[in-house]
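The exercises below go through one protein structure, from the overall fold to single residues. Try each task with the structure in view before reading the solution.

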Amino acid sequence: MTGARTTAVRRLATPVSVLTVSHEGRLHGTTASTTTLVSTRPLILGTSLRAGSVLGELAIAAGWFTVNVLGGGQAELARWFADGSRPPGAAQFDGFAWRPDPLTTAPLLEGTLAHYSCRGAGRIAVGDHEVLLGRVVESDTGSGDPLLSFAGGLRTLTGRDGTTP
Ligand SMILES: Cc1cc2nc3c(=O)[nH]c(=O)nc-3n(C[C@H](O)[C@H](O)[C@H](O)COP(=O)(O)O)c2cc1C
């Protein structure tokens, strides 16, 4: 028995996404490894975000957001959109290929494994986090292996780090 420690849940392997939003002209992106399917009919994804996260606040205000599921070679994107020193607004997307999601108007990152265009379906406070719910209205899937978060690092299905598989 090891008790209920945060480090114990690092054995959960989860996909890594960048959630993006556009609200009144303000763009924002945030890395999350907690996006999962919570309902099939209707199709709803949930992402657990730190209470008060910028992405969560903007997504609720906008009513729409986009989930960009990262591929195995996109660890750089994962690290950047988790970096608290990234610039605010559109500048944080400089240097990355993206276009506005036709449905949500949020940045749709090129070369990702999948995009899910979501209509906000509310959020549920759970402990020190909030689960942001989004009904999938449009989706677009690519091919390739996912980027995974596991044991405190970024992995691919074949390697230890998304940058050096
Ligand atoms: C691989 C990885 C996964 C992450 N997953 C989450 C997550 O699921 N929920 C969360 O709140 N923060 C997560 N973070 C941390 C956020 O990306 C980071 O705190 C971010 O700066 C929050 O941005 P915001 O508050 O500006 O939206 C993750 C970071 C990394 C590197």
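The model is predicted.

**Exercise 1. Describe the small open sheet: give its strand order, its pairing sense and its edge strands.**

Solution. Step 1: An open sheet of 3 strands has the order 1-11-12, and its pairing is antiparallel.
Step 2: Strand 1 (14–15) and strand 12 are the edge strands, since each of them pairs on one side only.
Step 3: Between strand 11 and strand 12 there are 3 bridges, in the antiparallel sense. Within this pair, Ser149 stands opposite Leu154 of strand 12.
Step 4: The loop between strand 11 (148–150) and strand 12 (153–155) holds Ala151. Ala151 is not a glycine, yet its phi is positive, near 55°.
Step 5: Is Ala151 buried or exposed? Residues with 12 or fewer other C-beta atoms within 10 Å count as exposed. Ala151 has 12 and is therefore exposed.

**Exercise 2. List the secondary structure elements in order and decide how the radius of gyration compares with the globule rule.**

Solution. Step 1: There are 2 helices and 12 strands in the protein.
Step 2: Starting at the N terminus, the elements run β-β-β-β-β-α-β-α-β-β-β-β-β-β.
Step 3: The radius of gyration is 15 Å, close to the 15 Å given by the globule rule for 165 residues, so the protein is as compact as a globular protein of that length.
Step 4: Along the principal axes, the C-alpha atoms fill a box of roughly 50 × 35 × 35 Å.
Step 5: Of the 165 residues, 38% are buried. Among contacts with a separation of 6 or more, 64% are between residues 24 or more positions apart.

**Exercise 3. Follow the strand pairing from strand 6 through strand 9 to strand 10.**

Solution. Step 1: Strand 6 and strand 9 run antiparallel and are joined by 6 bridges. Trp64 has Arg119 of strand 9 as its bridge partner.
Step 2: Strand 9 also pairs with strand 10, again in the antiparallel sense, over 11 bridges. Here Gly120 stands opposite Gly134 of strand 10.
Step 3: The hairpin of strand 9 and strand 10 has 2 residues between the strands, and Gly127 in this hairpin takes a positive phi near 60°.

**Exercise 4. Find which residues touch the most other members of the largest nonpolar core, and which elements supply it.**

Solution. Step 1: The core has 31 residues, and Phe65, Leu70 and Ala78 touch the most other members.
Step 2: Elements that each supply at least two residues include strand 2, strand 3, helix 1, helix 2 (75–80) and strand 8. The largest share, 4 residues, comes from strand 6.
Step 3: Beyond its neighbours within four places in sequence, Phe65 is in contact with residues including Leu19, Val21, Ala59, Cys118, Gly120 and Gly134.
Step 4: As background, nonpolar side chains in soluble globular proteins tend to be buried together.

**Exercise 5. Place helix 1 with respect to the strands and the ligand.**

Solution. Step 1: Leu55, Gly56, Leu58 and Ala59 are the buried residues of helix 1. They pack against strand 2 (17–23), strand 3, strand 5, strand 6 (64–69), strand 9 (114–126) and strand 10 (129–141).
Step 2: Helix 1 (54–62), strand 3 (26–32) and strand 5 (44–50) each supply at least two residues of the shell around the ligand.
Step 3: The 16 residues around the ligand include Ala32, Thr34, Val54, Leu55 and Ala82, which come nearest. The shell divides into 7 nonpolar, 8 polar and 1 charged.
Step 4: Gly63 follows helix 1 and has a positive phi, near 85°.

**Exercise 6. Locate the cis peptide bond and the loop residue Thr105.**

Solution. Step 1: The peptide bond between Arg41 and Pro42 is cis, with omega about 0°. Pro42 sits in the loop between strand 4 (36–39) and strand 5.
Step 2: Thr105 lies in the loop between strand 7 (98–100) and strand 8 (107–109). Its phi is positive, about 70°, although Thr105 is not a glycine.
Step 3: Thr105 has 19 other C-beta atoms within 10 Å and so counts as partly exposed.

How values were computed
Residues numbered from 1 in each chain as written. Predicted model: local features only at pLDDT ≥ 70, side-chain atom pairs only at ≥ 80, totals over all residues. Near = placed C-beta within 6 Å. Nonpolar A, V, L, I, M, F, W, Y, C, P; charged D, E, K, R; others polar. Buried ≥ 20, exposed ≤ 12 C-beta atoms within 10 Å, placed from the backbone. Contact = placed C-beta atoms within 7 Å. Core = buried A, V, L, I, M, F, W, Y, C linked by C-beta atoms within 7 Å. Pairing = 2+ DSSP bridges. Rg over C-alpha atoms; globule rule 2.2 N^0.38 Å.
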